Amino acid sequence: MPGVEDESFSRSVVYLCEHSERGALGLIINKPMPLSLEGLLDKIDLSLGREDLRTDMVYRGGPVQTDRGFVLHEAFTAEGSIPSDESIYASTMTIPGGLEMTTSKDVLEALSNGAGPRRVFVSLGYASWGEGQLESELSENTWLTVGADVGLIFEAPVAERYDRALGLLGLQAWSLSPEVGHA
């Protein structure tokens with residue numbers, strides 16, 4: 001919501017990757033860092049072997065473990081194969097809707113070798129909520145929720161992601177009050 005003043009979450013669009021009774025984990029998808037994917041790989045002694053990703057940026061995924069990388073990507077399937085419930089990468093979480101989140105270096109090594117998932121979103125850090133915390137914040141109208149849309153991650157220009165997410169609800173930022181309450 002517009003009234004959120006925390007710098008990490010002000011005007012943030014968070015792609016929720018996991019939500020259970022133990023809590024929730026997500027990646028902020030609209031806060032790029034001044035670091036390209038090529039620059040990140042260079043820092044870990046890998047080169048980027050994919051020309052299509054040369055201009056991709058690394059994002060601030062959230063305020064937790066900001067030194068750890070998270071790669072949100074389409075589930076990899078070899079052409080002509082049947083999608084599997086198991087990822088080809090280590091340390092991968094399957095996310096409903098055809099995405100996976102990988103935290104192991106092997107996905108970056110695949111990108112270095114000119115392979116890897118077709119579309120990727122790389123962040124440092126993540127956002128998390130403890131047991132019941134996100135539900136509490138939702139009941140306090142701290143967050144608006146919208147169905148997941150991979151187009152926001154992989155197709156929408158970064159500067160438009162917040163407004164497009166609101167648009168999925170039929171809203172515009174100017175129409176929202178920074179004050180929260182209950183009717």
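A residue is called buried here when its relative accessible area is under 20%. By that cut-off L27, with a relative accessible area of 0%, is buried. The structure described here is a predicted model, and L27 offers a handy way into it.

L27 is placed in strand 2. Leaving aside residues up to four places away in sequence, L27 touches V13, V14, Y15, C17, G61, F70, L72, M101, F121, S123, G125 and Y126. One of these partners, Y126, is 99 residues from L27 in sequence, yet the two C-alpha atoms are 5.2 Å apart in space.

L27 also belongs to the largest nonpolar core, which has 22 residues. The residues with the most contacts inside this core are Y15, C17, L27, L72, M101, F121 and I153. Two or more residues each come from strand 1 (14-20), strand 2 (23-28), strand 5 (64-74), strand 7 (99-102), strand 8 (120-129), helix 4 (150-154) and helix 5 (161-167). A second, separate core of 18 residues includes L40, V107, V120 and L124.

Within the largest core, L72 is worth a visit of its own. Again setting aside residues up to four places away in sequence, L72 is in contact with Y15, C17, L27, I95, L99, E100, M101, R119, V120, F121, I153 and F154. Among these contacts is V120, a residue of the second core.

Another buried leucine is L41, at 0% relative accessibility. L41 lies in helix 1 (residues 37-43) and touches L46, S47, L48 and L108, not counting residues up to four places away in sequence. From L41 to S112 the separation is 71 residues in sequence and 7.8 Å in space, C-alpha to C-alpha.

Turning to charged side chains, the structure holds nine salt bridges. Side chains of opposite charge can pair when their charged atoms come close. One such pair joins E74 and R118, at 3.3 Å from N to O. E74 lies in strand 5, while R118 is in the loop between helix 2 (106-112) and strand 8, so this pair ties together parts that are 44 residues apart in sequence. The two partners sit in contrasting surroundings: E74 is buried, with a relative accessible area of 18%, whereas R118 is exposed at 57%. The value for E74 falls on the buried side because the cut-off is 20%. E74 and R118 also take part in a network of salt bridges that links them with R119 and E155.

Two further salt bridges involve residues close together in numbering. R50 and D52 meet through their side chains at 2.9 Å, N to O. Here R50 is buried, with a relative accessible area of 9%, and D52 is partly exposed at 48%. R54 pairs with E51, and the closest N and O atoms of that bridge are 3.1 Å apart. In this second pair, R54 is partly exposed, with a relative accessible area of 26%, while E51 is exposed at 60%.

The backbone has a couple of points to note as well. Most residues other than glycine have a negative phi, and most peptide bonds are trans. R11, although not a glycine, has a positive phi of about 55°. R11 lies in the segment before strand 1 and is partly exposed, at 42% relative accessibility. S91 is likewise not a glycine and has a positive phi of about 50°. The loop between strand 5 and strand 6 (92-95) holds S91, which counts as partly exposed at 47% relative accessibility.

Finally, there is the largest pocket, which contains about 570 Å³ of space. Its lining consists of 26 residues, and V14, W143, L144, T145 and V146 lie nearest the pocket centre. Strand 1, helix 3 (133-139) and helix 5 are the elements that give two or more residues to this lining. The largest share, four residues, comes from strand 1. By residue type, the lining divides into 20 nonpolar, four polar and two charged residues. V14, one of the residues nearest the pocket centre, is also among the contacts of L27, which brings the description back to its starting point.

Note on methods. Residues are numbered from 1 along each chain as its sequence is written. This is a predicted model: local features need pLDDT of at least 70, side-chain atom pairs count only at pLDDT 80 or more; totals for chains, interfaces and linings use all residues. Side-chain values use heavy atoms; hydrogens and water are left out. A nonpolar core is a set of buried Ala, Val, Leu, Ile, Met, Phe, Trp, Tyr and Cys residues joined through side-chain atoms within 4.5 Å. Buried means under 20% relative accessible area, exposed over 50%, partly exposed in between (1.4 Å probe, protein chains only). Contact means heavy atoms within 4.5 Å. A salt bridge is a side-chain nitrogen of Lys or Arg within 4 Å of a carboxyl oxygen of Asp or Glu. On a 1 Å grid over the protein atoms alone, a cavity is a set of points where a 1.4 Å probe fits but cannot get out, and a pocket is an open set with protein on both sides within 12 Å along at least five of seven lines; lining residues have an atom within 4 Å of a point. Grid points are joined across faces, edges and corners, and a volume is the space filled by probe spheres set on the points. Ala, Val, Leu, Ile, Met, Phe, Trp, Tyr, Cys and Pro count as nonpolar, Asp, Glu, Lys and Arg as charged, and the others, Gly among them, as polar.
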